[in-house]
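Here are a few friendly notes to read alongside the model. I have kept each point short so that you can check it in your viewer.

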Amino acid sequence: MPQDYSYFPGCSLQSTGVAYDESVRALFALLDLKLHELPEWNCCGATSYMSIDEGSAFVLSARNLSLAAQAKHRDLVTPCSACYLVLKKTQDYVEHYPAIANKVQQGLQAEGLPPLNGVQVRHPLEILYNDVGLDRIKHASVRPWRGAPIACYYGCQLVRPYCDSDQQQNPTHMEEVLKAAGIPTVDFALKTKCCGGSLTGTIPAVGQRLNYLILKEAIRKGAGAIVTVCPLCQYNLDAYQADIRKSTGEAIDIPVLYFSQVLGWAMGADAKALGLQRSIAGKQTIKQWFAASEREEKAHV
Amino acid sequence: MSKPKVAFYWCASCGGCEETVLDLAEAVLDVVKAVDIVFWPVAMDFKESDVQAMEDGSIAVAFINGAICNSHQRHMAELLRRKAQTVVAFGACAQLGGIPGLANMNHHKDLVEAIYGSDAPQEIWKSNGYELTLPRFADKVQALDRVIAVEYYVPGCPPTPKITQQALDALLGGSPPPKGTVLAPDQALCEDCPRRETRPEKLLIKEFKRPHEIVADQEKCLLAQGLLCLGPETRSGCEAPCIKGNMPCTGCFGPTSRVRDFGAKALSAVASLADSNEELDIERILAPIADPVGTFYRYSLPTSLAGGKFTK
Amino acid sequence: MPEAVEPKILAIFCNWCTYLAADLAGTSRIKYPANIRVVRVMCSGRVDPQFVMDAFAKGADGVLIGGCHPGDCHYQEGNYKCLRRFELLRRMVKEMGIEDERFRLEWISASEGDRLRTVVTDMVEKIRPLGPRQTLTEVTQ
Amino acid sequence: MSEEIRTGVYTCHCGSNIAATVDVKAVAEYAAKLPNVVVSRDYKYMCSDPGQDLIKQDIREHKLNRIVVASCSPHLHEHTFRTALAKGGLNEFLFQMVNIREQDSWVHLDKPAATVKAMDLVRAAVCRVALHKPLTKGSVPIRADVLVVGGGIAGIHAALTLANAGKKVYLVEREPTIGGHMAKFDKTFPTLDCAACILTPKMSSVRAHPNITLWSYSEVTQVDGYVGNFKVTVTRKPRYIMEDLCVGCLECIEACVYKEGKFVDEFNMGLSKRKPIYIPFPQAIPQVPVIDPETCIDFKTGKCKKSCVDACGERHAINLKMKETTEIIDVGTIILSTGFQVFDAHRSPEYGYGVYPNVYTALEIERLVNASGPTSGEVVLRDGKRPKSVAIIHCVGSRDEKNNRWCSRVCCMYSLKLAHLLKEHTDAEIFNFYIDIRTPGKGFEEFYQKLRNEGVHFIRGKVAEVTDWAFDPSEEGKLVIRVEDTLLGFARRIPVDMVVLATGLEPHADAQEVRRRFNLTCSSEGFFLERHPKLAPVSTFTDGVFLAGACQSPKDIPDTVAQAGAAAAEALALIDAGHVEIEPNTAFVLEEDCSGCRTCIPMCPFSAITFSEETKLASINQALCKGCGTCVASCPSGSIVQNLYDDEEIFAEIEGVLSNA
Amino acid sequence: MATKLNFSERTIKFQREADPEWARQVSEHPGCEGLFSCLQCGSCTGTCPLSIYMDYGPRRIIGLAREGFRKEVLNSQTIWLCASCYSCAVHCPQQIHITDVMYNFKREAIRSHLYPKRFAIPVLAQEFYNVVRRNGRTSEFLVVLRMALRTNPLILFTMWRTGLDLLRTGRLKLMSEKLKHVPFLPKEDA
């Protein structure tokens with residue numbers, strides 16, 4: 001099992017998703033896994049870019065893969081689901097379409113970069129499931145869970161169409177990992193439904209409606225919080241709850257967290273190190289659930 | 001009555017075939033008694049000019065050993081062809097191309113350069129004010145019958161004295177065999193092998209060995225011990241001296257008349273014995289056969305279907 | 001530059017799998033390059049390395065042997081014998097100057113008309129850039 | 001051999017099949033100039049009577065002694081032309097066929113290149129045929145006994161047909177009873193006759209027929225030999241109850257220490273429980289229970305009071321020490337009717353099978369509506385309630401690149417049938433979701449019309465998902481179908497109580513093993529491959545082995561029965577001919593040349609080559625040799641030759657193909 | 001409620017309005033190969049979370065495309081509403097990469113200027129593209145700001161609360177980051 005990974009945070013993890021970056025780093029540190037951030041990484045060439053210029057979108061993405069091919073560790077971790085999909089898609093298209101491979105090759109050559117051989121694109125969840133394993137997670141989890149059951153929300157990009165470790169239509173790794181850490185979960189049918197992506201900004205009526213459906217169904221199934229694997233999902237579900245309350249008149253206020261935050265907590269990390277203060281919705285719940293026990297407080301002093 | 005005239009000549013070969021004639025021992029006296037040797041550069045002082053002076057067709061049998069690899073050898077072969085009624089390709093080199101024929105895996109220019117480096121002799125050679133014209137290399141080493149018509153073949157590297165004696169008897173006797181005959185039995189060596197009985201009925205091989213790797217059992221079929229013995233592929237007639245010496249047959253008597261390409265056929269038979277159906281395992285079993293061309297075409301590359309390396 | 005001559009590939013196919021796959025490609029109207037010439041034998045186990053040497057000696061630009069998948073031989077094990085010979089023969093043929101691309105053994109079952117197309121197309125595409133081969137007679141002259 | 005070779009070459013247009021891509025005239029003109037060619041003609045259809053007459057006539061008039069026909073695959077018409085030669089007075093093997101249709105005109109677009117290819121192939125054949133020798137076909141006698149593998153409706157029908165014709169039949173079935181899938185069905189479409197009513201009499205006839213030996217709970221584990229004389233090994237699993245002693249009173253089941261069923265009942269698709277000692281269904285044949293050692297207490301712990309043995313009493317039919325046995329039988333022909341398996345609905349997770357309890361497969365519904373099923377024909381949900389609305393989703397696992405590409409052919413009709421039966425039993429609102437409705441059988445379209453008139457909904461659209469996501473209060477507690485109604489052009493959400501998945505048919509998981517055991521080929525989807533899709537639909541490439549039923553492709557009961565009859569007829573035709581002709585392409589040792597090296601002996605998979613201790617030579621038993629030629633290729637001294645595929649013939653063909661036109 | 005009847009709209013298509021050659025070209029683009037194998041089963045539209053807002057939905061877009069109705073496809077709002085969640089592609093029984101087909105249409109629509117000028121989605125894509133080309137990375141703040149300015153500046157007023165929340169929780173980066181070395185990128189020959 002590798003202990004060292006190259007790390008590609010992606011643009012979102014530097015702004016709206018900064019808590020994701022913090023918590024993944026904290027969680028990996030607790031598990032003795034080292035992340036080596038790629039130097040000078042660039043935008044993955046995601047959705048919006050792809051809509052304009054396919055050729056250079058693949059080059060952009062390939063540039064990161066190529067940086068990883070140069071790096072010491074060929075397992076490239078990216079927590080952002082969109083980045084994960086684009087990087088994997090790039091590998092797939094370069095492999096299957098000679099025309100795209102040529103274009104990418106030319107782009108890399110112009111930059112003096114090597115071809116993208118042998119890089120394995122990984123997601124932290126999949127690393128926890130496959131490399132760390134449920135057993136170790138169980139042993140590393142020291143804090144009993146004090147909150148309500150959680151709805152695991154995968155969103156779309158991580159599980160399809162390039163996902164090869166979990167089931168595309170009904171993924172279960174997040175539930176299994178949380179369960180191993182002693183965190184109860186609820187099942188809900190919308191766990192891979194789209195959060196609306198950038199539509200929340202461009203056509204709020206549509207985008208926020210999708211968020212509303214997901215939040216509502218999770219609550220209907222008895223979840224006290226939603227846990228995500230994607231910075232955009234977290235942002236959409238978290239940041240617009242006030243707007244949704246206003247437009248629907250329903251009192252929805254539910255924390256939307258990253259799986260790395262709740263797991264990090266179970267393994268004893270500090271709330272601040274996990275960026276738990278950065279959530280917008282469900283602030284009261286977060287305060288209750290993630291208050292360190294008195295004994296821990298004392299130990300700290 | 002004048003005795004039939006016989007000539008011996010030596011082209012590209014090691015000289016072993018000439019030795020065989022001497023190895024007839026006392027019997028050579030009978031030969032000398034029966035025939036009149038008119039040309040034998042290795043043993044007697046005749047010159048080319050003496051042959052030139054002979055009438056065409058005046059030699060009864062010319063025994064030519066060695067392959068043809070340069071212009072002089074070709075010239076001599078053509079000369080003897082004119083002077084002789086019957087030409088016998090004597091020994092593996094003349095019959096099949098022989099060991100010199102392995103040169104066909106390279107271009108002769110490369111070979112010369114590898115051996116002599118920048119000092120390679122030129123066709124016109126000047127030294128101390130003298131000038132010498134050296135024979136020119138042929139593009140390919142050839143067996144004798146690719147250069148001149150040949151009536152008979154005596155196989156072997158070298159032919160054994162016994163088979164040589166039989167050849168002489170047959171040719172000088174009253175009823176010579178049909179032209180084109182290889183003067184040895186048309187069956188494979190196993191027929192004659194002293195270890196024939198010890199070959200298992202269903203022999204398959206898990207591991208091929210090279211002779212230096214094991215001390216071979218003196219009685220048992222060598223192939224059954226994993227040694228690559230080409231007896232099953234090779235024409236008999238030698239009476240298996242190598243095998244009696246506990247060494248596997250390397251195929252100097254060449255193929256039977258029903259096989260077009262000794263090397264390919266030998267490869268087929270040998271590889272078929274690899275005892276596995278798994279690609280990687282088969283590769284492993286056959287790996288000890290490090291040099292298939294040298295192993296299977298040791299004596300016959302020029303007369304193989306390929307004739308040598310396929311060049312572009 | 002010499003005129004580009006289309007490579008000619010000698011294919012030796014077993015009667016029960018690969019020859020039928022070629023028939024199926026026909027009935028399915030699957031298109032592939034017209035560079036192969038099929039000689040039918042009953043089993044790939046019948047393929048004598050002499051045939052391969054002969055084909056290359058006569059100027060074939062490639063030789064393709066087609067047999068049933070491992071375990072599927074109509075005669076139970078003939079394709080394994082073919083595989084054994086091929087493993088050694090390809091080494092020898094390579095030593096004699098024939099590029100790997102020119103000599104292939106492929107398992108193609110009777111239902112794989114499409115795979116036949118893939119194999120033939122791929123082989124032709126890989127041989128074409130190697131240029132034409134000369135026959136032995138051309139070399140020696 | 002001083003005979004003058006006089007070859008006739010015939011190039012076929014095959015209408016425009018060949019002529020459209022190959023310049024047939026040019027090929028014929030080219031062939032005329034080849035060595036030994038005396039006559040070269042082209043003709044519209046060489047396989048037609050006038051085409052064949054042309055050959056016969058030329059043989060007489062031009063004293064032809066070699067014939068080459070360039071047309072289609074030898075697998076199609078080699079036999080036709082050989083017969084024409086024989087009728088023309090020439091040995092039928094002085095013939096070579098050139099395949100310029102399947103392997104030339106149909107696969108190439110470039111006419112000049114295809115024409116040159118045809119010329120190359122014709123030249124090769126002309127070179128080769130000159131070396132052909134006259135040969136005589138061999139013949140092997142056919143044993144009259146037949147093996148039928150698989151006791152579904154196909155196997156039952158084939159076995160009865162043969163047995164009625166007086167042939168001895170071995171019927172081998174892997175399950176404890178015959179009947180196959182049909183035994184599980186309730187009604188059959190489109191006539192709605194009860195499956196049991198038409199099947200059970202046939203099952204009883206199998207048991208009663210003096211010519212049929214029925215081995216249930218048994219599997220064919222090895223097949224040796226060839227057409228006319230197969231040696232078949234059958235492994236008989238122990239059922240722990242002696243078939244010959246049991247009278248089928250079933251008192252042992254009653255007496256079992258388990259008072260109620262406790263284990264998954266396979267026959268009822270897990271909708272009910274059975275005991276460790278059980279009979280699959282009341283009309284099972286043979287009418288003999290079976291003990292499942294996986295669940296029987298005595299097998300697991302050795303501590304059972306064995307009340308079943310007591311109940312059997314003096315009959316002593318229960319033998320807990322029974323062991324697996326093997327039977328070896330000799331048969332002349334084999335009919336394979338091994339059937340199909342149902343697509344596993346778990347593989348389409350979007351439909352929630354295994355997640356939501358009220359999602360059923362069609363076969364489960366067959367049991368549910370069946371009067372002898374687990375609920376005695378009462379259609380109820382898992383909680384015992386009657387469904388008020390039912391969705392039937394078509395094409396589950398079929399017509400889908402991710403699962404099975406093919407149309408399973410029976411699902412449309414059985415879905416309509418289940419729609420009718422469910423409507424009849426529950427009066428629920430029924431929704432059929434389909435991509436295309438396929439009803440091309442006798443009475444099928446009429447049945448579809450009847451269903452429309454019954455008020456069943458037909459919504460054209462592949463269901464996207466089945467969830468319990470209640471978005472609207474009307475959806476609480478229901479299963480919600482989300483689908484685009486493609487004819488109306490909008491997405492719909494339809495809440496239902498029950499979902500039925502019309503799962504498709506696919507080859508058995510072990511079809512590949514079975515195929516190898518019987519030396520068959522599979523088509524790309526894994527069903528057994530017939531010899532020719534139109535002209536030899538029940539034959540296979542292994543002579544003497546025939547196919548019946550869904551092991552060849554999905555089919556409904558009428559087609560299955562028809563095919564089983566055809567397979568039986570083919571077997572009978574062979575048996576009644578008494579013998580079968582075999583190709584003379586065997587190998588033989590040139591004894592005067594053999595050195596006795598024994599290289600050939602392990603090459604032969606049929607043990608046809610033996611080494612004689614007297615002569616010290618190898619020899620090939622012509623009856624055992626199947627003509628693969630592997631020994632020929634490996635004989636180190638070239639002392640084995642093969643008819644029709646001799647070295648010289650192949651060398652000539654290679655030379656011909658590689659010389660340039 | 002009375003509906004006003006309107007007889008001036010006709011819904012017939014003449015074959016001259018179709019461009020089969022365009023359909024063929026689309027099907028040759030990487031990822032779009034499956035175009036012609038579509039069964040029109042509707043599982044894409046059925047599973048699409050946004051199809052209920054679309055004018056055609058993915059199934060009909062595929063149908064229009066393979067018949068060559070270029071104008072209808074490129075002018076549709078369906079292609080812009082696609083959020084690229086790949087649900088259609090995963091469900092498609094013919095394994096058509098519908099999402100990639102949509103990308104292809106989006107690019108062609110932008111190249112051919114076939115979208116409403118102030119339509120936020122393509123504008124957002126363009127701004128994203130411009131920022132990445134300039135800086136090597138994106139900046140959410142900058143992209144959204146520029147998109148709003150180009151489409152409907154008033155929208156910024158509805159965003160103030162979210163912006164404030166983000167600022168308060170340290171999730172809004174006002175300064176955009178620029179790589180030391182911005183990668184050279186070829187431009188698609190538009």
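**Notes on the predicted model**

1. Let me start with a backbone detail: Lys63(D) is found in the loop between helix H2 (49-61) and strand E3 (66-71) of chain D. Helices (H or I, at least four residues) and strands (E, at least two) are DSSP runs, numbered from the N terminus. Although Lys63(D) is not a glycine, its phi is positive, at about 50°. Lys63(D) is exposed, with a relative accessible area of 61%; here buried means under 20% relative accessible area, exposed over 50%, and partly exposed in between (1.4 Å probe, protein chains only).

2. A word on conventions. This is a predicted model in which local features need pLDDT of at least 70 and side-chain atom pairs count only at pLDDT 80 or more, while totals for chains, interfaces and linings use all residues. Residues are numbered from 1 along each chain as its sequence is written, chains are lettered from A and ligands numbered from 1 in the order in which they are written, and side-chain values use heavy atoms, with hydrogens and water left out.

3. Chain D has another positive phi to look at. Asn36(D), which is not a glycine either, has a phi of about 75°. Asn36(D) sits in the loop between helix H1 (24-32) and strand E2 (37-43) of chain D. With a relative accessibility of 36%, Asn36(D) counts as partly exposed. As background, most residues other than glycine have a negative phi, and most peptide bonds are trans.

4. Which peptide bonds are worth checking for a cis geometry? One is the bond from Phe189(D) to Pro190(D), with omega near -15°. Pro190(D) belongs to the loop between strand E8 (187-188) and strand E9 (193-194) of chain D. Another cis bond runs from Arg160(A) to Pro161(A), with omega near -10°. Pro161(A) is placed in the loop between strand E5 (150-153) and helix H8 (173-180) of chain A.

5. For a buried position, try Ala266(B), which lies in helix H9 (residues 262-272) of chain B. Its relative accessible area is 0%, so Ala266(B) is buried. Leaving aside residues up to four places away in sequence, Ala266(B) touches Leu230(B), Glu233(B) and Phe296(B), where contact means heavy atoms within 4.5 Å. Leu230(B) is 36 residues from Ala266(B) along the chain, and their C-alpha atoms are separated by 7.1 Å.

6. Chain C is a mixed chain, with five helices and four strands. In sequence order, chain C reads β-α-β-α-β-α-β-α-α. The radius of gyration of chain C is 15 Å, close to the 14 Å that the globule rule gives for 141 residues, so chain C is as compact as a globular protein of that length. That radius is taken over C-alpha atoms, and the globule rule is 2.2 Å times the number of residues to the power 0.38. The C-alpha trace of chain C spans about 45 × 35 × 20 Å along its principal axes.

7. Of the 141 residues of chain C, 68% count as buried. Among contacts in chain C between residues at least 6 apart in sequence, 79% join residues at least 24 apart.

8. Chain E has 10 helices and zero strands. Its C-alpha trace spans about 55 × 50 × 30 Å along the principal axes. Of the 190 residues of chain E, 54% count as buried. For contacts in chain E between residues at least 6 apart in sequence, 59% join residues at least 24 apart.

9. How is chain E divided into domains? The assignment gives domain 1 (10-112) and domain 2 (117-190), with bounds that come from an automatic or database domain assignment. The C-alpha centres of these two domains of chain E lie 28 Å apart. Their contact takes four residues from domain 1 of chain E and six residues from domain 2 of chain E.

10. Finally, the chain pairs. Six pairs of chains touch, and the most contacts among them are between chains A and E. Chain A and chain B do not touch, and their nearest C-alpha atoms are 24 Å apart. Chain C and chain E are likewise joined by no contact, with their closest C-alpha atoms 17 Å apart.
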